[in-house]
Amino acid sequence: PPHNLGEIVDGVVAYIDSIEDGEAQIELDEIMEHVPAPDFPTGGIIFGIAGVREAYRTGRGRVIMRAKMHEEEIRKDRDALIITEIPYQVNKATLIEKIAHAVRDKKIEGISDLRDESDRDGMRIVVELKRDAVQEVTKNQLFKYTQLQQTFGVNIVALVNGRPRTLGIKEMMQYYVAHRHEVVVRRTEFDLRHAEARAHVLEGL
């Protein structure tokens with residue numbers, strides 16, 4: 001899953017700071033203080049942290065994503081649910097179509113109108129409710145029957161010494177830091193060889 005780069009950097013710095021005798025002492029909870037969860041570019045809400053913790057611990061897990069919505073009174077005696085962020089990898093047009101189908105098939109009751117008012121300022125899907133609709137019931141039906149709630153299957157695989165392995169977040173940081181160390185050492189050795197060759201020429205002159 002995608003992450004916030006600033007959080008990842010903070011987590012890696014904390015990992016490096018915890019190294020004693022070549023071994024990182026940092027625990028998963030401490031890493032999660034810096035990297036609390038994946039950061040999906042389309043926004044939305046991560047529903048429950050257990051799936052995230054499992055994914056960070058083992059490299060595999062299920063993260064439940066939900067759309068961000070709020071209630072609004074659009075005119076006298078008429079409320080609507082306003083969707084402003086949707087789960088990652090969900091197509092907005094397909095989502096609206098799915099909601100319309102679920103309403104038509106009577107899976108979701110309490111919706112009188114549905115329209116897309118998104119513009120350059122951001123997303124705004126208006127789900128207009130009937131006068132007698134119970135908001136919480138309609139919300140739960142939307143989460144159950146449409147892509148307003150999606151599960152993201154986390155599977156963190158990386159090549160370790162040329163072989164694919166499933167890694168938890170601490171192991172990912174371990175191999176990343178080792179890689180960065182190797183890059184810095186190689187770069188320094190390259191610069192040293194160049195400097196020594198130049199010094200040899202200068203001594204000759």
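## Confidence along the chain

Looking at the elements of this predicted model, strand 5 (residues 68–75) has the lowest mean pLDDT at 89, while helix 1 (residues 5–17) has the highest at 97. Here pLDDT is the predictor's confidence in each residue, on a scale from 0 to 100, and helices (H or I, at least four residues) and strands (E, at least two) are DSSP runs numbered from the N terminus. Across the chain the average pLDDT is 93, and 100% of the residues score at least 70.

A bit of housekeeping: in this predicted model local features need pLDDT of at least 70 and side-chain atom pairs count only at pLDDT 80 or more, while totals for chains, interfaces and linings use all residues. Residues are numbered from 1 along each chain as its sequence is written, and side-chain values use heavy atoms, with hydrogens and water left out.

## The largest pocket

The largest pocket holds about 420 Å³ of space. A pocket, on a 1 Å grid over the protein atoms alone, is an open set of points where a 1.4 Å probe fits, with protein on both sides within 12 Å along at least five of seven lines; lining residues have an atom within 4 Å of a point. Grid points are joined across faces, edges and corners, and the volume is the space filled by probe spheres set on the points.

What lines it? There are 18 lining residues in the largest pocket, and Ile156, Ala158, Met172, Met173 and Tyr176 lie nearest its centre. Helix 6 (169–204) gives at least two residues to the lining, as do helix 1 and strand 10 (157–160). Helix 6 makes the largest contribution, with five residues. By character, the lining splits into 15 nonpolar, three polar and no charged residues. For that split, Ala, Val, Leu, Ile, Met, Phe, Trp, Tyr, Cys and Pro count as nonpolar, Asp, Glu, Lys and Arg as charged, and the others, Gly among them, as polar.

## Ser18, after helix 1

Ser18 sits in the loop between helix 1 and strand 1 (19–20). Is Ser18 buried or exposed? Ser18 counts as buried because its relative accessibility is 14%; the cut-offs are under 20% relative accessible area for buried, over 50% for exposed, and partly exposed in between (1.4 Å probe, protein chains only).

The Ser18 side chain reaches the backbone oxygen of Tyr15 at 2.8 Å. Setting aside neighbours within four places in sequence, Ser18 is in contact (heavy atoms within 4.5 Å) with Glu23, Ala24, Gln25 and Ile26.

## Asp113 and Arg115 in strand 7

Asp113 is found in strand 7 (residues 111–116), and Arg115 has its place in strand 7 too. Asp113 counts as partly exposed because its relative accessibility is 33%; Arg115 is partly exposed, with a relative accessible area of 26%. The two side chains are joined by a polar contact of 3.0 Å, and another polar contact, of 2.8 Å, joins the side chains of Arg115 and Glu117. A polar contact here is a pair of N or O atoms within 3.5 Å; within protein, one must be able to donate a hydrogen and the other to accept it, and residues adjacent in sequence count only if both atoms are side-chain atoms.

Leaving out neighbours within four places in sequence, Asp113 is in contact with Val126, Val127 and Glu128. On the same basis, the contacts of Arg115 are Ile74, Arg124, Ile125, Val126 and Glu128. As for C-alpha distances, Asp113 and Phe152 are 39 residues apart in sequence and 29 Å apart in space, whereas Arg115 and Ala197, 82 residues apart along the chain, are separated by 71 Å.

## Three exposed loop residues

Gln89 is in the loop between strand 6 (78–85) and helix 4 (92–104), and its phi is near 70°, a positive value in a residue other than glycine. Gln89 is exposed, with a relative accessible area of 62%. Lys106, in the loop between helix 4 and strand 7, also isn't a glycine yet has a positive phi of about 65°. Lys106 is exposed, with a relative accessible area of 61%.

Asp132 belongs to the loop between strand 8 (125–129) and helix 5 (135–145), and counts as exposed at 65% relative accessibility. From Asp132 to Glu73, 59 residues apart along the chain, the C-alpha separation is 14 Å.
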